[in-house]
Amino acid sequence: ASGRWAFPKGLIDPGDTPKETAVKETREEAGLWGRAVGEPVGDYVYKKWGFTLTVQVYVLEVTREADEWEEKSFRERKWVSPKEAGELMSGHPAQHLLEMAVTRILGAAG
């Protein structure tokens, strides 16, 4: 709704791991089911609610794409090329992590 593009993220619930949270948030925010692959690509820091928060970014192997999802009414999902994704995330503090994720994915595909 804001026009800003970013990675799904959220607070870690008690008993969950950062990797489990990444998978859950992706399902809630983008309607994508799958599994987080490997270690985090990296992390970035941002401020919200007067706190400094750290977000770990994972590569997700998507196994299912839902037609309806929890946050569909105010979040858009759109498949784009890595180049367009970089443009959509221009100025975002995690833009460099997108580039690292693409490098990891392309390296794994080769």
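How many helices and strands does the protein chain have?

**View 1. The protein chain and its elements.** There are three helices and two strands here (DSSP runs, H or I of at least four residues for helices and E of at least two for strands, numbered from the N terminus). Going along the sequence, you meet them as α-β-β-α-α. This is a predicted model, where local features need pLDDT of at least 70, side-chain atom pairs count only at pLDDT 80 or more, and totals for chains, interfaces and linings use all residues. Residues are numbered from 1 along each chain as its sequence is written, and side-chain values use heavy atoms, with hydrogens and water left out.

**View 2. Overall dimensions.** Along the principal axes, the C-alpha atoms take up a box of roughly 40 × 30 × 30 Å. The radius of gyration is 14 Å, which agrees with the value near 13 Å for a compact globule of 110 residues (taken over C-alpha atoms; the rule is 2.2 Å times the number of residues to the power 0.38).

**View 3. The loop with W49.** W49 sits in the loop between β1 (32–48) and β2 (51–65). Its relative accessibility is 57%, so W49 counts as exposed (over 50%; buried is under 20%, partly exposed in between, with a 1.4 Å probe and protein chains only). Across the chain, 29% of the 110 residues are buried.

**View 4. A nonpolar surface patch.** W49 turns up again here, joined by L11 and F51 in a nonpolar patch with about 400 Å² of accessible area together. Patch members have over 30% relative accessible area and no salt bridge (a side-chain nitrogen of Lys or Arg within 4 Å of a carboxyl oxygen of Asp or Glu); like charges are joined within 9 Å, nonpolar side chains (Val, Leu, Ile, Met, Phe, Trp, Tyr) within 5 Å. Areas come from the Shrake-Rupley method with a 1.4 Å probe, and for residues only the protein chains shown count as cover.
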